[in-house]
Amino acid sequence: MSSEDLRFEYIENFGCSDDDLLRALERETALTQIHPQMLSGCYQGHLLATLIGMTGAKRILEIGTFSGYSSICMARALPADGQLVTIEVDDEIEWLPSKYFRLAGLQDKIRLIIGDASEIVPNLDGEFDMVFIDGDKREYISYFEAVLPKLAPNGTIIADNVIWYDKIFTETASNDHMTHGIMAFNKYIASHSDVEKIILPVRDGLMLIRRK
């Protein structure tokens with residue numbers, strides 16, 4: 001194993017542990033989904049939970065539920081009166097996160113909405129202390145524009161996959177719309193003068209954004 005692999009393994013495992021329920025969710029995701037690698041995983045889930053604890057966030061919006069791993073990690077980190085609203089466009093996967101939200105005893109803390117986030121978010125009531133964007137990469141700019149008015153004054157937006165398997169550093173085919181979506185989003189945020197932003201080189205890249 002190379003020193004880089006050892007470094008990555010050490011960082012991924014340091015301070016990070018899942019439980020039987022999350023391991024079962026990860027296994028069922030691998031068995032039933034075409035792209036199981038979309039699952040957030042222990043390290044990222046632990047990071048999101050830590051950020052919630054550090055910021056005192058009580059109301060969170062997630063765009064892109066997938067199988068619900070990150071949803072469970074974030075909901076567990078919320079206070080008793082906290083709420084997570086999570087939006088998933090694919091109705092065929094709804095059964096999987098719903099099943100594990102019930103098994104985790106979080107069905108009253110998590111509200112799962114099926115549909116297009118760009119249409120749903122403007123109609124949501126109230127503000128959100130944290131927003132986690134992990135949906136369709138082609139729609140990241142639309143998601144950002146929809147959630148920014150809903151962000152609490154000291155709130156944080158976290159965008160996942162902003163490095164996108166390092167494809168943003170290479171010549172990109174014209175029909176690779178996901179990569180072009182991420183590249184356009186990164187450029188758009190970089191030019192957005194009224195927000196603070198930084199990319200963390202965590203897994204596939206996490207961008208943290210705060211309104212100035």
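Reader: What makes Asp19 count as partly exposed?

Author: In this predicted model, Asp19 has a relative accessibility of 27%, and since buried means under 20% and exposed means over 50%, Asp19 falls in between and therefore counts as partly exposed.

Reader: How do you know that Asp19 and Arg76 meet in a salt bridge?

Author: The N to O distance between the side chains of Asp19 and Arg76 is 2.7 Å, and because a salt bridge asks for a side-chain nitrogen of Lys or Arg within 4 Å of a carboxyl oxygen of Asp or Glu, the pair qualifies as one. The two partners lie in distant parts of the chain, 57 residues apart, with Asp19 in the loop between helix 1 and helix 2 and Arg76 in helix 4. Arg76 has a relative accessible area of 39%, which again lies between the limits of 20% and 50%, so Arg76 is partly exposed.

Reader: Why is Asp20 called exposed, while Arg23 is called partly exposed?

Author: The relative accessibility of Asp20 is 59%, and because exposed means over 50%, Asp20 counts as exposed. Arg23 stands at 34%, which is neither under 20% nor over 50%, so Arg23 counts as partly exposed. These two residues form a salt bridge, with the closest N and O atoms 2.6 Å apart, and being three residues apart in helix 2 they are separated by about one helical turn.

Reader: Are Lys137 and Asp134 buried or exposed, and what makes them so?

Author: Lys137 has a relative accessible area of 7% and Asp134 has one of 13%; because buried means under 20%, Lys137 is buried, and Asp134 is buried too. Lys137 and Asp134 form a salt bridge, in which the closest N and O atoms are 2.9 Å apart.

Reader: Why are helix 7 and helix 8 called oblique to each other?

Author: Helix 7 (residues 140-147) and helix 8 (residues 177-190) pack at an angle of about 40°, and their axes are 8 Å apart. Angles under 35 degrees count as roughly parallel and those from 65 to 115 as roughly perpendicular, so this angle fits neither class and the two helices are therefore oblique. Among the residues that meet are Tyr140 and Phe144 in helix 7, and Phe185 and Tyr188 in helix 8.

Reader: How do you know that Tyr10 is exposed?

Author: Tyr10, which is found in helix 1, has a relative accessible area of 55%, and because the cut-off for exposed is over 50%, Tyr10 is exposed. Together with Ile11 and Phe14, Tyr10 makes a nonpolar surface patch of about 350 Å².

Key:
Residues numbered from 1 in each chain as written. Predicted model: local features only at pLDDT ≥ 70, side-chain atom pairs only at ≥ 80, totals over all residues. Heavy atoms only, no water. Patch = residues over 30% accessible without salt bridge, like charges linked within 9 Å, V, L, I, M, F, W, Y side chains within 5 Å. Areas by Shrake-Rupley, 256 points an atom, 1.4 Å probe, with all protein chains shown as cover. Helix = DSSP H or I, 4+ residues; strand = E, 2+ residues; numbered from the N terminus. Buried < 20%, exposed > 50% of the residue type's maximum accessible area, 1.4 Å probe, protein only. Axes fitted to C-alpha atoms, helices over the stretch in contact; angles between N-to-C directions. Parallel < 35°, antiparallel > 145°, perpendicular 65-115°, else oblique. Contact = heavy atoms within 4.5 Å.
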